[in-house]
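Dear colleague,

Please find below the structure that I am handing over to you. My notes on what was found in it follow directly after.

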Amino acid sequence: METETEIFKKYLNKKNLKFTHERQSILKEIFLTHNHFDIESLYERLKTKGKNISRATIYRTIPLLIESNLINKAIRYKDRIYYEHIYGHKSHSHFICINCGKIIEFENDEKDKIIKRIKRKYNFKIVESKLIIRGYCKNCLKKEKK
Ligand SMILES: [Zn+2]
Ligand SMILES: [Zn+2]
Ligand SMILES: [Zn+2]
């Protein structure tokens with residue numbers, strides 16, 4: 001299996017873009033932990049590591065990583081978009097608690113089956129298909145009852 005670095009390099013090469021230090025640091029940070037992150041939290045994480053990468057650079061790099069199929073928009077929460085790395089992972093869906101923002105990932109084999117069936121039936125090219133469940137997590141429910 002190719003590494004995320006190889007894939008990103010290839011993609012940038014095709015687009016005549018350079019694999020800059022900034023892009024390298026952003027990619028590395030994203031694949032370091034399995035987190036759902038927004039631009040701001042990624043910016044802060046890089047900053048605490050002494051990487052001085054502007055928000056603008058991060059904003060410009062994210063679409064490139066999406067186009068390389070390395071990351072994905074996972075979820076929208078309180079007007080922020082949360083991304084996650086998807087390369088090397090099975091597809092999954094998300095439950096999000098609208099009170100505390102807790103995200104739970106779950107497998108979605110059933111959803112994949114439905115999509116396959118629809119694709120066959122309608123000859124449709126699917127660009128996006130997300131199953132997002134919003135609600136209240138166990139802890140938030142407990143607090144409410146008190
Ligand atoms: Zn991961
Ligand atoms: Zn909660
Ligand atoms: Zn996820």
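**Zinc sites**

Along the chain, the donors of the zinc ion (ligand 3) follow the spacing H-x47-E-x7-H-x1-H-x10-E. Two of these donors link distant parts of the chain, with Glu 84 in strand 2 and Glu 105 in strand 4 (residues 103-107), 21 residues apart. Here and below, helices (H or I, at least four residues) and strands (E, at least two) are DSSP runs, numbered from the N terminus.

Please note that this is a predicted model, in which local features need pLDDT of at least 70 and side-chain atom pairs count only at pLDDT 80 or more, while totals for chains, interfaces and linings use all residues. Residues are numbered from 1 along each chain as its sequence is written, chains are lettered from A and ligands numbered from 1 in the order in which they are written, and side-chain values use heavy atoms, with hydrogens and water left out.

The protein donors of ligand 3 are His 36 (NE2), Glu 84 (OE), His 92 (NE2), His 94 (NE2) and Glu 105 (OE), at 1.9 to 2.2 Å from the zinc ion. A donor is an N, O or S atom within 2.8 Å of the metal (3.2 Å for Na, K and Ca); water is not among the atoms, so sites may look incomplete. Glu 84 is buried, at 3% relative accessibility, whereas Glu 105 is partly exposed at 32%. In these terms, buried means under 20% relative accessible area, exposed over 50%, and partly exposed in between (1.4 Å probe, protein chains only).

For the zinc ion (ligand 1), the protein donors are His 34 (ND1), His 85 (NE2) and His 89 (NE2), lying 2.0 to 2.1 Å from the ion. His 34, in the loop between helix 2 and helix 3 (39-48), and His 85, in strand 2 (residues 80-85), are 51 residues apart, and the pair links distant parts of the chain. His 34 is partly exposed, with a relative accessible area of 34%, while His 85 is buried at 5%. The spacing of the donors of ligand 1 along the chain is H-x50-H-x3-H.

The zinc ion (ligand 2) has four cysteine sulfurs as its protein donors: the SG atoms of Cys 97, Cys 100, Cys 137 and Cys 140, lying 2.3 Å from the ion. The site is tetrahedral, with angles of 106 to 115 degrees among the four donor atoms. Four donors count as tetrahedral if all angles lie between 85 and 135 degrees. The donors of ligand 2 follow the spacing C-x2-C-x36-C-x2-C. Cys 97 is buried, with a relative accessible area of 0%, but Cys 100 is partly exposed at 44%.

**Domains**

The domain assignment gives domain 1 (1-89) and domain 2 (90-146); such bounds come from an automatic or database assignment. The C-alpha centres of the two domains lie 23 Å apart. In all, 11 residues of domain 1 are in contact with 15 residues of domain 2, where contact means heavy atoms within 4.5 Å. Between them the domains bury about 980 Å², 57% of it on carbon and sulfur atoms. This buried area is the accessible area (1.4 Å probe) that two parts lose on being put together, summed over both.

**Helices 2 and 4**

Arg 23 is in helix 2 (residues 21-32) and is buried, with a relative accessible area of 17%. Leaving aside neighbours within four places in sequence, Arg 23 is in contact with Phe 8, Leu 12, Leu 17, Lys 18, Thr 61 and Leu 64. The C-alpha atoms of Arg 23 and Leu 64 are separated by 9.6 Å, the two residues being 41 apart along the chain.

Thr 57 lies in helix 4 (residues 55-67) and counts as buried at 18% relative accessibility. Not counting residues up to four places away in sequence, Thr 57 touches Glu 22 and Ile 26.

**Backbone angles**

Most residues other than glycine have a negative phi. Lys 78, in the loop between strand 1 (71-77) and strand 2, has a positive phi near 50 degrees and is exposed at 61% relative accessibility. Asn 123 likewise has a positive phi, of about 55 degrees, although it is not a glycine. Asn 123 is in the loop between helix 5 (109-122) and strand 5 (132-135) and counts as exposed at 72% relative accessibility.

Yours sincerely

Terms used: Four donors count as tetrahedral if all angles lie between 85 and 135 degrees; four count as square planar and six as octahedral if opposite donors are over 155 degrees apart and all others between 65 and 115; anything else is irregular.
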